[in-house]
Amino acid sequence: VFVERGWRMHFAPDSVFRTVWDCGVFCLLIFYLTTIPLLYAAAARKYYWKHFMHLLIVGYAVDFIFIVDCGLKCTLFGYRQKGVLIVNSWKIFRNFWTENSILAITLSIFPFEVFLLFGLPL
């Protein structure tokens with residue numbers, strides 16, 4: 001099955017949108033992997049919120065994008081199975097949950113900045 005037209009063609013594995021989306025998510029992952037240690041190191045600092053509010057806000061926006069990415073992968077992003085493009089939402093959903101661990105998915109969308117809110121002087 002090949003999706004030639006319509007909005008679903010953008011969600012095929014070899015589409016330009018998917019490539020750009022995956023590259024963007026990868027860049028956000030690099031951002032996330034560098035800012036989380038920075039935020040944890042700075043959390044002991046007095047008036048932490050004042051100095052790092054902008055970085056926390058961007059971090060929460062990135063968390064939201066990761067949640068959207070998980071939703072897209074779980075419902076709309078087609079995949080190839082034995083050379084056949086699968087675009088049925090129910091099959092995509094079933095494949096997503098059988099191919100991915102719940103722990104890995106939870107870790108990918110959990111906002112780790114929440115830990116910084118507890119036990120630290122504001």
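Is Cys-70 buried or exposed, and what is the relative accessible area of Cys-70? Cys-70 is buried, with a relative accessible area of 13%, and the legends below return to this residue after an overview of the predicted model.

**View 1. The whole chain, with its helices and strands.**
In this predicted model, the chain is built from 4 helices and 2 strands, and these elements follow one another from the N terminus in the order α-α-β-β-α-α. Of the 122 residues in the chain, 29% count as buried. The area that the chain exposes is about 8100 Å², of which carbon and sulfur atoms supply 72%. When contacts between residues at least 6 apart in sequence are considered, 63% of them join residues at least 24 apart.

**View 2. Cysteines and the absence of disulfides.**
A search of the whole structure finds 0 disulfides. Cys-23 is in no disulfide, and the nearest cysteine sulfur, which belongs to Cys-27, is 6.8 Å away; because a disulfide requires two cysteine sulfur atoms within 2.5 Å, this pair does not qualify. Cys-70 is likewise in no disulfide, and for this residue the nearest cysteine sulfur is that of Cys-74, at 6.0 Å. The surroundings of the two residues can be set side by side: Cys-23 counts as partly exposed, at 45% relative accessibility, whereas Cys-70 is buried, at 13%.

**View 3. Phe-66 in helix α2 and the residues around it.**
Phe-66 is placed in helix α2, which covers residues 48–75, and with a relative accessible area of 8% this side chain's residue counts as buried. Leaving aside residues up to four places away in sequence, Phe-66 touches Val-25, Leu-28, Leu-29, Tyr-32, Ser-108 and Ile-109. One of these contacts, Val-25, lies 41 residues from Phe-66 along the chain, yet the C-alpha atoms of the two are separated by 7.5 Å.

**View 4. A nonpolar surface patch that includes Phe-26.**
Phe-26, Leu-29, Ile-30 and Leu-33 form a nonpolar patch on the surface, and together they have about 390 Å² of accessible area. Phe-26 belongs to helix α1, residues 16–42, and counts as exposed at 51% relative accessibility. Leu-29, a member of this patch, is also among the residues that Phe-66 touches.

**View 5. Trp-97 in helix α3 and its contacts.**
Trp-97 is found in helix α3, which spans residues 89–99, and counts as partly exposed, with 34% relative accessibility. Apart from residues up to four places away in sequence, Trp-97 touches Cys-74, Ile-102 and Ile-105. Trp-97 and Cys-74 are 23 residues apart along the chain, and their C-alpha atoms are separated by 7.7 Å. Cys-74 is also the residue whose sulfur is the nearest cysteine sulfur to Cys-70.

**View 6. Lys-82 in the loop between the strands.**
Lys-82 sits in the loop that runs between β1 (79–81) and β2 (84–86), and this residue is exposed, with a relative accessible area of 84%. The phi of Lys-82 is near 55°, a positive value in a residue other than glycine. Most residues other than glycine have a negative phi.

Terms used: Residues numbered from 1 in each chain as written. Predicted model: local features only at pLDDT ≥ 70, side-chain atom pairs only at ≥ 80, totals over all residues. Heavy atoms only, no water. Buried < 20%, exposed > 50% of the residue type's maximum accessible area, 1.4 Å probe, protein only. Contact = heavy atoms within 4.5 Å. Areas by Shrake-Rupley, 256 points an atom, 1.4 Å probe, with all protein chains shown as cover. Patch = residues over 30% accessible without salt bridge, like charges linked within 9 Å, V, L, I, M, F, W, Y side chains within 5 Å. Salt bridge = Lys/Arg side-chain N within 4 Å of Asp/Glu carboxyl O.
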